[in-house]
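Please look through the sequence and the model shown here, and then use the briefing that follows as a guide to the fold, the cores and the cysteines.

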Amino acid sequence: MMKDLKVWLAVILLGAFALAEGTTHAADWKSEHDAGWAAYKEGRLDDAERHLKLAEAEAKKLGEQDLGLATTLDHLAWVFCAEGKCDEAVTLAKSALAIREKALGKDHPDVLVSLNTVACAFDAAGQPAEAKPAYESYLAAAEKAHGAESVIVAEALDNLATVDHLLGNAPKAEASYKRALAIREKVAGDKPVDLAPTLHNLGLFYIDQKNYAAAEPLLKRALDISTKSLGEDHPDVASNLEALGWLYASQDKAAEAESVLKKALALYELDLGADHPHVARCSSKVGQVCSTLGHQAEAEACCKRAVAICEKAGNDPIETAVTLDEYAAVLRKAGKKDEAEAAEAKAKTLRKSHEPAKAPKR
């Protein structure tokens, strides 16, 4: 029952293909834009946001319909998604798409990539119903433009499968994941790291289906590939450790789960900062496992921290509600009925204020 499909989204965003630079040749815009995009690809999100905001200001001087502005807004949307500012990312991505559609027409390659950005931003914002039609349109366009077995099609299939999974369309999700993996296996060549996203996502899918025997080799392979290709301290490694740790927790292997999840949590803190949503999600999972092991004080501290991070971010009410319910379960196990009921009441209020098509699974 507990699962998180968004865990790999940050990795997909980090692997997003670069957009066209636009038509503007303004030196100030180009300097700031290129510095920001380079910082993003290196995982320096604060620097990326700072440079891209300066690039945005320079591009606006050239006109509100300037293609350089569209490029900057699109790239800034990826940064905001990686920072957990998903609602802001949606707004930026939609603005970039509108500029490109008006200037280039709906069939231009840059417009299609902007469509993918919009879909990913909706997905990251916890709005799978809005993301699905954008992903479907992008997949059809990618197949037409690049062929049915291109890496770009595999990426589109991965994203569409994730949304179908969130919406409860399990057969469609599995079929898309398997097709994406088959494409990646065929074209990976000397870049095995390109296999990791689909291995990870399909492994998470099988956890949700309680097919643990199928999930484990996929997740272990994804972890091995990302560690060897990217280094032990990369955020993608943290994502794969978290998934493997949750597999162990789902199999009632609490001691193994605790060790792996704590490694993932430490990496998230190092790479993303103490207040990132991924830290909150992983901290809550550590808390649940600690509760199972009877480490009650640590369990409560971890879950309380997760709630605090979610409430501080304030951009995903449903995720906050899920985290509150997990905290409540830990409190109930400790016999703290009043505190548990208070947490559950907060969660109920949040769900009423913002109920998507289907609440996220963890």
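**Briefing on the protein chain**

The secondary structure of the protein chain comes to 17 helices and zero strands, where helices (H or I, at least four residues) and strands (E, at least two) are DSSP runs numbered from the N terminus. This is a predicted model, in which local features need pLDDT of at least 70 and side-chain atom pairs count only at pLDDT 80 or more, while totals for chains, interfaces and linings use all residues. Residues are numbered from 1 along each chain as its sequence is written, and side-chain values use heavy atoms, with hydrogens and water left out.

**Burial and cores**

- Of the 362 residues in the protein chain, 53% are buried, meaning under 20% relative accessible area (1.4 Å probe, protein chains only).
- The largest nonpolar core, a set of buried Ala, Val, Leu, Ile, Met, Phe, Trp, Tyr and Cys residues joined through side-chain atoms within 4.5 Å, has 58 residues, of which Leu199, Leu202, Ile207, Leu241, Leu244 and Leu261 touch the most other members.
- Helix α12 (residues 235-250) gives the most to this core, with nine residues.
- Apart from this core lies another, of 53 residues, among them Ala48, Cys81, Ala93 and Val163.

**Contacts**

- Among contacts (heavy atoms within 4.5 Å) with a separation of 6 or more in the protein chain, 64% are between residues 24 or more positions apart.

**Cysteines**

- The count of disulfides, each a pair of cysteine sulfur atoms within 2.5 Å, comes to zero.
- The sulfur of Cys120 is too far for a bond, because the closest cysteine sulfur, in Cys81, is 7.5 Å away.
- Cys120 is buried, with a relative accessible area of 1%, and Cys310 is buried too, at 10%.

Terms used
Buried < 20%, exposed > 50% of the residue type's maximum accessible area, 1.4 Å probe, protein only.
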